[in-house]
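Work through the exercises below with the sequence and the coordinates open. Each task is followed by a solution in steps.

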Amino acid sequence: MNKIVVTNRIEEIDSNSMIVDENSSVFAGKDHIPVAGGCISPIAFDVPCTNFVDDNEYIPDDFDNSIAVDGTSEHVIVEESAIPDNEELLGLSVGSIEDAFGKYNDYAFRMGFSTRKGKQYYVTGTRILKTKVFCCSKSGFRIIPDNPNKCYSKIVTRSGCNAMCQFDIDSNGKWVVTKHVKEHNHELCPASSSYMLRSHRKVSENQLTCLKNMKRSGVPLSDGIRFLKCQSGGSPFVGFTPRDAYNMIYSDSAKHLDGTDSNSLIEIFRRRQMDESDFYFEFELDEDARLCNFFWRDGQMKADYDLFGDLVVHDTTYRTNIYDMICAPFVGMNHHCMNVMFGCGFLLNERIESFVWLFKVFVRSIGGKHPQTIMTDQCAAMATGIAQVFSNSNHRLCIWHIGENSKKHIKSLRNKKGFLELFNFLLKYTDTEAEFEFYWTRMMTEYGCHKNVWLNKLYSIREKWCPAFSKEYFSGGILSSQRSESTNHSISRRLSKTAALCDFYNSFVSVVSEWRSRENGENVRCSQGLAPMVMNHVKLLSHARDIYTIEIYYLFEEQFLKGTSCHQESVGGSGNEIKYHVWRPDVDLIRHEVCFKVNDLDISCSCMLFSEMGILCSHSLRIFNVHCVAAIPDKYIIKRWTKKGIEDRIISSDSSLNILSIASFVWGIQMGRKFQQLVLSSQANCKAREVCENAFEDARRKVEGDIGPIVIEDGEEQIAGVIQNPARNRAKGERNRRHISTIEKKYNQVRGRKLGVKIAEMSTKAAVQASVEGVVANIVGSGYFVHPSSGSHELGLVKSS
């Protein structure tokens, strides 16, 4: 084989070799061209040598600027004719340039090299193509950069290969191969590995669509690639590498953006607002027109809040985007105890002013109605914002976060025998303020932690985390912000840390759509069937099954069964009112007090479960059962748990959809054309102009009286240019979500099983009561403790007669 040898000296040459002196422009041989670092024969480039940078550097017309000369390696010339089963391309005719490149590329795949498009020639004085050259991907040389000190560098792939194939158009309009150079100055790739070469890798449209749909469905891109490999029969048959897939997904996303991610997102919101009358969004920009914060909700979220807005769970745990912005969803609980979305915000930081802006926008978007209870984590800035905006709401803290913080602040106390059970009992299971104070005093005394700063601070804010202090506010029995965190988790598992805002919006819409689909399924399930009753011929259960959704009926039935194991003792009363002490023998150390008015079926219990959960407690149902009450009084049926609430919501949603959502776009176009015609007809007459202006102001006043203030913006007042992306990017290598400890994983497994939770509650309560049983016995003697119904901070003591 012929060889080209590049050295640093001039030597004698023969007909089969050439010597290049890198330090001189003198070439020992035939005609030469100066190049960076030495000389090379013009046959190295099959293009006109017309472009010169200086005396020492040559760049052909179609040269890639990312390539530099490497003149220190030895290259071996390999001819394609030496390869078995080589096919001849000369004289081959095809119908188009695309077919021409396809033919040469297929040929290159069999031979073991990659191709690229080279120079093309036109008919003189026209743009009619007459000649097209396709060459080996290793043609040309790499240009040495001015500053070679980089944190990374690409490998050198160009070696000045001469192999090429030239197509000329004939008189019949066909493209014919007129020249085919088969010599390569590099080793060819084995046929078994040709699929890895660049020109032979491509993500097809069908494959791209499949990967995008799987990614939107929450399947990681790596798993989608593995699926296509399995479906195709392996890596050689899938046609691309994982890097090609990632690049293709990124470039496809970039094609759908108009320059800035933020501008595209706001444009999506504006289009939805045009089509949906109830869609609402707001955003905030900094002085550089960069997006800082934004919030949006649709009409269905507003309807959901009107019915289920007594409880809002808000959390900012996850950052699921490339800008490190904070995802801040507002989540509630619907009539099936499932998640329901009220709106979603994004914040650039966790400062007080950011939360105040978000909470004010949220209140405006839902008509100024404050929730009864808002559940968050222990964030000081968020707490300040809630105090300023949600002044009428009860702010509750997530007990899970408190439990996690206790691992850091009272680690030594948690290791003491019996402390953890008592601490968890105070966090979750105390029913009244008096009971809380009793057990808190026992904990501080027995474990000697009066001077613990963290526990004292926790006690000072006990109204925010202890359920006993929030019984008068509806909370649905929720003790943590897990509902909001699960929202973030549902979205983040579909996205990576490099996801853009538009990607997040699409995933968010998909998650909410799945929630609503599951809710519709439960609605159909409730309307088409009834839950099985654990006991037949019980009027209270039969009535509850008819009015409540299936999930709420099961909660009611659980309280009823719990009440059947209770004992009751009448402790007096006056006239129409009877007082009872109700308890479960061998289970409840402290008895509950129930007041019942026979005539109007008015009942109240010291556990206050009804005001907290919206369903009657086991103690009240025990007294109802004793007095043979056959139906739940209307005053103890709240609409959010009933099937009637479903029907009203469906009717309201359908009427809103028919009148507003579908017709709004058409109506807007029609009215816009009418007003435009009126203005155009009046613009030449002063009196007509005045009539139009007066009519506009009069109509504006009337409309504002119905829907509130309307902001009329002129084009000059709007922000010039596009909305820029947020300035802050997430740190490289930062995880998409917080670390999960081993203890939390085990806790999540238990929490997902209702039976396991009940067992844990009973065992904790039994252990705590056993630890204080001796103390209680010394205090009460032959009597017993009872929960006070008046909110007293001390337990009532009843002496046995």
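A helix here is a DSSP run of H or I with at least four residues, and helices are numbered from the N terminus. The model is predicted.

**Exercise 1. Place S262 and describe its surroundings.**

Task: Which helix holds S262, is S262 buried or exposed, and which residues does S262 touch?

Solution.
- Step 1. S262 is in helix α6, which covers residues 261–275.
- Step 2. Buried means a relative accessible area under 20%. S262 has a relative accessibility of 0%, so S262 counts as buried.
- Step 3. Leaving out residues up to four places away in sequence, S262 touches L291, L501, I723, Q724, N725 and P726.
- Step 4. For the background, 43% of the 801 residues of the protein count as buried. The protein has 25 helices and 27 strands. Among contacts between residues at least 6 apart in sequence, 61% join residues at least 24 apart.

**Exercise 2. Describe the packing of α12 and α13.**

Task: At what angle do the axes of α12 and α13 cross, and which residues make the contact?

Solution.
- Step 1. Two packed helices are described by the angle between their axes and the distance between the axes.
- Step 2. Helix α12 spans residues 419–428 and helix α13 spans residues 433–446; their axes come within 10 Å and cross at roughly 155 degrees.
- Step 3. Angles over 145 degrees count as roughly antiparallel. The crossing angle therefore makes α12 roughly antiparallel to α13.
- Step 4. The crossing of α12 and α13 is left-handed.
- Step 5. On α12 the contact is made by F419, L422, F423, F425 and L426, and on α13 by E435, F436, Y439, W440 and M443.
- Step 6. Sorted by class, the contact of α12 with α13 has nine nonpolar residues, no polar residues and one charged residue.

**Exercise 3. Lay out the five-stranded sheet.**

Task: What is the strand order in the open sheet of five strands, and which strands stand at the edges?

Solution.
- Step 1. The order is β9-β13-β12-β11-β10, and the pairing is antiparallel.
- Step 2. β9 (93–94) and β10 (115–122) each have a single partner strand, so one side of each has no neighbour in the sheet and these two stand at the edges.
- Step 3. Inside this order, strand β11 (residues 129–136) runs antiparallel to strand β12 (residues 164–169), and five bridges join them. K132 has F167 of β12 as its bridge partner.
- Step 4. Helix α1 (residues 97–111) lies across β9, β10, β11, β12 and β13 (175–181), and runs at about 20 degrees to β11.

**Exercise 4. Trace the partners of β24.**

Task: How many bridges join β24 to β23, to β25 and to β26?

Solution.
- Step 1. β23 and β24 run antiparallel and are joined by six bridges. I578 has F596 of β24 as its bridge partner.
- Step 2. β24 pairs with strand β25 (residues 602–605) in the antiparallel sense over four bridges. F596 has I603 of β25 as its bridge partner.
- Step 3. β24 pairs with strand β26 (residues 784–786) in the parallel sense over two bridges. R591 has V786 of β26 as its bridge partner.
- Step 4. The hairpin of β24 and β25 has four residues between the strands, and L601 in the turn has a positive phi of about 55 degrees.
- Step 5. Seven of the eight residues of β24 are buried, so β24 is largely enclosed by the rest of the structure.

**Exercise 5. Examine two residues with positive phi.**

Task: Where do C337 and D586 lie, and what is the relative accessible area of C337?

Solution.
- Step 1. C337 is not a glycine, yet it has a positive phi of about 60 degrees. C337 lies in the loop between β18 (326–333) and β19 (339–347).
- Step 2. The relative accessible area of C337 is 22%, and C337 is partly exposed.
- Step 3. D586, also not a glycine, has a positive phi of about 65 degrees. D586 lies in the loop between β23 (577–583) and β24 (590–597), and the hairpin of these strands has six residues between them.
- Step 4. Exposed means over 50% relative accessible area. D586 has 85% relative accessibility, so D586 counts as exposed.

Key
Residues are numbered from 1 along each chain as its sequence is written. This is a predicted model: local features need pLDDT of at least 70, side-chain atom pairs count only at pLDDT 80 or more; totals for chains, interfaces and linings use all residues. Side-chain values use heavy atoms; hydrogens and water are left out. Axes are lines fitted to C-alpha atoms, for helices over the stretch in contact, and angles run from 0 to 180 degrees between N-to-C directions. Angles under 35 degrees count as roughly parallel, over 145 as roughly antiparallel, 65 to 115 as roughly perpendicular and the rest as oblique. A crossing is left-handed if the near helix is turned anticlockwise from the far one by less than a right angle, and right-handed if clockwise. Contact means heavy atoms within 4.5 Å. Ala, Val, Leu, Ile, Met, Phe, Trp, Tyr, Cys and Pro count as nonpolar, Asp, Glu, Lys and Arg as charged, and the others, Gly among them, as polar. Two strands pair if DSSP finds at least two bridges between them. Buried means under 20% relative accessible area, exposed over 50%, partly exposed in between (1.4 Å probe, protein chains only).
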